[in-house]
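I opened this complex to take notes on confidence, the chain contact and helix packing. My entries follow in the order I looked things up.

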Amino acid sequence: MWKKSLAFIAFCSLLLNSLLSFGQDSSSKVEMAEAMRSNGKIYVVVAVIAIIFIGLVIFLITIDRKVKKLEKQMDETK
Amino acid sequence: MQKFFNLQLAFGLEWWKFLAIALVLYALIGGLLIDVPALPILHETIRNLYYHVTQWFGMMIILFVSLWHSIRYLSNFKMHHDFVAAEAANVGIYMGILGIVTGSVWAKFTWGAWWVSDAKLNGAAITLLIYFAYLILRNSMDEEQKRARVAAVYNIFAFTMLIIFLMVLPRLTDSLHPGNGGNPGFGGYDLDNTMKLIFYPAVIGWTLLGVWLLQVCLRIRTLNHKMLIKQFK
């Protein structure tokens, strides 16, 4: 009988132990870029990236329109 | 169908070009600002999913377009299909190079080295080499019809190798990439639905941007071809 209860206590302590260690795992935080986000400076980076992308797209649009002009010229001089 | 894709929205540009701009902007802004799961080793670099992984997805879709037009060429021998196949391969390879370079940077800061001997990395390198050979093969032939035919046949081989090296072999061995070594899918990322919310639109956006580049390159090639014909008339 006491053997069984001892096994039960051992099992319970193991369970508790694993639960405690699990709690520790979730409380030890993974480092993220919180400083950038808390003082709002991440938006500066996002704005810069967006501006560069828009700039490249405008360049692509002008090339697209130039090609279209050439296509029209080609069709007219047939 | 053709008419639907040629529908112009503004500035003489087709509607899907605006969709491409909107989706990539969404991926850039949303991808950097929306919360991501905090995972060890990865930290904020998990956001590379929206930029590095999407290049590979876009590459595969555009190289599939290339394969499709190569098969079409072999069935009706219209030069147009050869032009599309060639330019799609160009854009696809370009995206592949961007993918491999960004992957190298990501690997340096998470796995600790610019290049690791990983099944997926080596597979990607071999795939790119196979496609470089496609470009060299094309440029080694002057006669148009012959070049188109040989390149089309080689393209079918190249795409098959791409599937084997990027999709099959990494799954048979262990790989540092998630979703390899037996289990398909994104593995750990798959649990997070907010990431999917950015990831799938990002794939469509980057792919459409690639299609846009492909279309402009194709139009320039067609113009060159027409000019050449005119000179001989």
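**Confidence**

I started with chain B, which averages a pLDDT of 87, with 94% of the residues scoring at least 70. The model is predicted, so I kept these scores beside me throughout.

I then asked which elements of chain B have the lowest and the highest mean pLDDT. The lowest belongs to helix H1 (residues 2–6) of chain B, at 81. Helix H3 (residues 52–76) of chain B has the highest, at 95.

For the complex, I noted that the predictor gives an ipTM of 0.75 and a pTM of 0.81.

**Chain A**

I looked up the elements next. Chain A has three helices and zero strands. Along the sequence I read the pattern α-α-α.

Chain A averages a pLDDT of 73, and 60% of the residues score at least 70. Where in chain A is confidence lowest? I found it in helix H1 (residues 2–27) of chain A, at a mean of 55. Confidence is highest in helix H3 (residues 42–76) of chain A, at 88.

I went through residues 19–27 of chain A separately. Their pLDDT stays under 50. The model has zero contacts for them beyond four places in sequence.

I also checked burial. Of the 78 residues of chain A, 0% count as buried.

**Where the chains touch**

How many residues of chain B are in contact with chain A? I get 21 residues of chain B against 21 residues of chain A. On the chain B side, helix H2 (15–33) and helix H7 (193–232) are the elements that give two or more residues. H2(B) gives the most, with seven residues. By class, I have 16 nonpolar, two polar and three charged residues on this side of chain B.

**H2(B) against H7(B)**

Both helices had come up at the chain contact, so I checked how they pack on each other. Their axes come within 8 Å and cross at roughly 135°. That angle makes H2(B) oblique to H7(B), because oblique takes in angles over 115 degrees that are not over 145. I noted the crossing as left-handed.

From H2(B), the residues in this contact include B:Trp16, B:Leu19, B:Leu23, B:Tyr26 and B:Gly30. From H7(B), they include B:Ile198, B:Pro201, B:Gly205, B:Trp206 and B:Trp212. The contact has 15 nonpolar, three polar and one charged residues.

**H5(B) against H6(B)**

I moved on to helix H5 (residues 119–139) and helix H6 (residues 144–172) of chain B. Their axes come within 9 Å and cross at roughly 180°. H5(B) and H6(B) are therefore roughly antiparallel to each other.

On the H5(B) side I listed, among others, B:Ala119, B:Gly123, B:Ile130, B:Tyr134 and B:Arg138. H6(B) meets them with residues including B:Arg147, B:Tyr154, B:Met161, B:Phe165 and B:Pro170. By class, I have 17 nonpolar, three polar and three charged residues here.

**B:Leu121**

I closed with one residue of helix H5 of chain B, B:Leu121. Is B:Leu121 buried or exposed? B:Leu121 is buried, because 20 other C-beta atoms lie within 10 Å and the cut-off is 20 or more. Leaving out residues up to four places away in sequence, B:Leu121 touches B:Trp115 and B:Val116. I also took one distance: the C-alpha atoms of B:Leu121 and B:His81 are separated by 31 Å, with their positions 40 residues apart along the chain.

Technical notes
Residues are numbered from 1 along each chain as its sequence is written. Chains are lettered from A and ligands numbered from 1 in the order in which they are written. This is a predicted model: local features need pLDDT of at least 70, side-chain atom pairs count only at pLDDT 80 or more; totals for chains, interfaces and linings use all residues. Two residues are in contact if their C-beta atoms, placed from the backbone, lie within 7 Å. Helices (H or I, at least four residues) and strands (E, at least two) are DSSP runs, numbered from the N terminus. Ala, Val, Leu, Ile, Met, Phe, Trp, Tyr, Cys and Pro count as nonpolar, Asp, Glu, Lys and Arg as charged, and the others, Gly among them, as polar. Axes are lines fitted to C-alpha atoms, for helices over the stretch in contact, and angles run from 0 to 180 degrees between N-to-C directions. Angles under 35 degrees count as roughly parallel, over 145 as roughly antiparallel, 65 to 115 as roughly perpendicular and the rest as oblique. A crossing is left-handed if the near helix is turned anticlockwise from the far one by less than a right angle, and right-handed if clockwise. A residue is buried if 20 or more other C-beta atoms lie within 10 Å of its own, exposed if 12 or fewer, and partly exposed in between; C-beta atoms are placed from the backbone. pLDDT is the predictor's confidence in each residue, from 0 to 100.
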